[in-house]
Amino acid sequence: MGASGPVVVIGAGLSGLAAAMRLAGAGREVAVVEAGDVPGGCCGTAAVGPYRFDTGPSVLTMPGVLADTFAAAGEDLGRWLPLRRLDPHYRLTYDDGSRLDVVAGADAMAEQVRALCGPAEAGRYLRFRRLLEAMFQAEWGAFIDRDMTRLRALARPYALARLAALGGFRTLDGLVRRHLTDERLIRAHTFQSLYVGLSPRRALGIYAVIAHMDTVGGVYFPREGGMHAIPRAMAAAAEKAGALLRYGVRAMRVETGGSGVTGVRLDTGELLAAGQVVVACDRAAAHHGLLPAEAGDWRLRRPRFSPSCLVAHFGLDRRLPSQAHHTLHFGREWAATFDALEAGRPQPDPNLLVTYPESDTEAAPAGHATLSVLEPTANLRGPADWERLTPQLTERLLGRLSGLGYGDLSGAPRLVIDPPAWRRRGHSAGTPFALDHRFTQTAWFRPSGAARRVPGLHFAGMYTAPGVGVPPVLISGRLAAERILETSP
């Protein structure tokens, strides 16, 4: 077939769509095959009666990455997917009854910190904010926005030295505590370690850039259609650029010949000829039948998966006029919650992320609304009996929500997604967060973006660099497309 032949992308999630948009925009022949009936992958959607829920990521940061993806397909993001910046980005509530709104602007945010923690801590916060900006600048171009699974990409001594000087190779907890003293503010800048599947005491300080993306860069939301509007717009833009999207068909096997990949066998029996293939689905599962044996990666011999989550989506018969879009409710415990997750147990006193997409007016009937609650919990590698545990955690969650002022939701229409349900949706170990980001699963140690022994076979998504989150998976799709265009312009 040859490297310049058609490209087949397996999976119409954000990373697969990002690769398809860039390749089609560059004039390549591209086909995307998706087992589901709609685009989105992890960024999915579901309905219970008249209520529609986003079943994937709820936090969108770094919209410039998304805009760049659309630009590569010759399109303007604002025309396809208007976004609004959330105000506040987050609302953080604490066990003592206090709260902190994370808002735009250094001065406005410092005023929030001053009111909660006092003027001395506000001064420390402003200095820490400048540190976060310096760390972000040091990391973005040198590490996050490039293919770190290539060994030569690690040879950046100045950038590494700069990160070390800023504290990037301390623990995240140690880095933040070196600059901030109020426990509430420390939690506000370390809870993001859950995004990379680790406790703040184990995550590297380099992941403080996630706090920068959230608290400084801002959090966004589509003006219409919820988060699922993102893959819908991406799929439409990819098709306009010339990509062929096929839904309801499953890739069964990547076929290879003497010179590399030759095509993708579908569950219909059809063979799609291909000179290049991008695998943008669950990488761990793909090694059980989809991929040839030669595509094995030593980095996946002993994978360490992130914790999972229990998510409850509720249909409300009322609006919540004073509710923020994102509210993080911290429990009394802190270290013990991470200890439990590391041991494969549910949190004893869970921290909850509540999402109330009040601007998504089409998600519920007039005068009604939706509410989604995420509780981090163990993945399926732990000892839990989920047939017994899920009802217990759901009842505990209902009680906690009632105590937080959300009322009695026991009779509300709801959809609960637990770790076994995540596994049924195609996520290895029952976690939608893939591999955690410990040092031995970061950068070059994360599974490679290309199969060294199978020319033409590429990977995108959470399992390769940069990793988990909307901006990282979009970047992974770009990196896959760039590798293809480098080898077969």
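Let me start with one pair of residues: T93 stands opposite R99 in strand β7. Bear in mind that this is a predicted model. T93 and R99 are a way into the sheet, so to speak, and I will work outward from there.

The two strands here are β6, residues 90-93, and β7, and they pair in the antiparallel sense over four bridges. For anyone new to this, strands of a sheet pair through backbone hydrogen bonds, either parallel or antiparallel. This model gives us both kinds around β6. On β7 the pairing is antiparallel, while three bridges join β6 to β15 and those two run parallel. In that second pairing, L92 has L328 of β15 as its bridge partner.

Now step back to the whole sheet. It is an open sheet of seven strands, in the order β7-β6-β15-β16-β17-β14-β18, and the pairing is mixed. The edge strands are β7, residues 99-102, and β18, residues 414-417, each of which pairs on one side only. From one strand to the next, the twist averages 15°.

Next, strand β15, residues 326-329. Are its faces covered or exposed? Both are covered: H326 and L328 on one side are buried, and so are T327 and H329 on the other. β15 also continues the sheet to β16, residues 352-355, through four bridges, and this pair runs antiparallel. The bridge partner of H329 in β16 is L352.

Two helices have contacts with strands of this sheet. The one I will take now is α9, residues 208-217. How many of its ten residues are buried? Nine are, so α9 is largely enclosed by the rest of the structure. The buried ones are A208, V209, I210, A211, H212, M213, D214, T215 and V216. They pack against β6 and β7, where we began, and also against β5 (83-85), α5 (119-144) and α7 (172-179). After α9 comes G218, with a positive phi near 100°.

The other helix is α12, residues 335-342. Its buried residues include T337, F338, A340 and L341. Why do these four count as lying on the same side of α12? Because they cover an arc of only 155° around the axis. Part of what covers the buried residues of α12 is β17, residues 369-377, and β17 is one of the strands in the seven-stranded order. G344 follows α12, and its phi is positive too, near 80°.

There is also an open sheet of three strands, in the order β10-β11-β12, with antiparallel pairing. Its edge strands are β10, residues 251-257, and β12, residues 271-273, each pairing on one side only. The twist here averages 30° from one strand to the next. Within it, β11, residues 260-266, pairs with β12 over three bridges, and V264 stands opposite L272.

On to a pair of helices. Two packed helices are described by the angle between their axes and the distance between the axes. For α1, residues 14-25, and α2, residues 63-72, the axes come within 7 Å and cross at roughly 35°. On the α1 side the residues in contact are A18, M21, R22 and G25, and they meet D68, T69, F70 and A72 in α2. By class, that contact has four nonpolar, two polar and two charged residues.

Next, the cysteines. A disulfide is a covalent bond between the sulfur atoms of two cysteines. How many disulfides does the structure hold? Zero. For C42, the nearest cysteine sulfur is that of C43, 8.6 Å away. C42 counts as partly exposed, because its relative accessibility is 32%. For C309, the nearest cysteine sulfur is that of C42, at 11 Å. At 1% relative accessibility, C309 counts as buried.

C309 leads to my last residue, F433, which sits in the loop between α14 (419-424) and β19 (457-459). F433 and C309 are 124 residues apart in sequence, yet 9.0 Å apart in space, C-alpha to C-alpha. What does F433 touch, leaving out residues up to four places away in sequence? The list is S306, P307, S308, C309, M462 and V468. With a relative accessible area of 23%, F433 is partly exposed.

That is where I will stop.

Terms used
Residues are numbered from 1 along each chain as its sequence is written. This is a predicted model: local features need pLDDT of at least 70, side-chain atom pairs count only at pLDDT 80 or more; totals for chains, interfaces and linings use all residues. Side-chain values use heavy atoms; hydrogens and water are left out. Buried means under 20% relative accessible area, exposed over 50%, partly exposed in between (1.4 Å probe, protein chains only). The arc is that of the directions from the helix axis to the C-beta atoms. Contact means heavy atoms within 4.5 Å. Two strands pair if DSSP finds at least two bridges between them. Axes are lines fitted to C-alpha atoms, for helices over the stretch in contact, and angles run from 0 to 180 degrees between N-to-C directions. Ala, Val, Leu, Ile, Met, Phe, Trp, Tyr, Cys and Pro count as nonpolar, Asp, Glu, Lys and Arg as charged, and the others, Gly among them, as polar. A disulfide is a pair of cysteine sulfur atoms within 2.5 Å.
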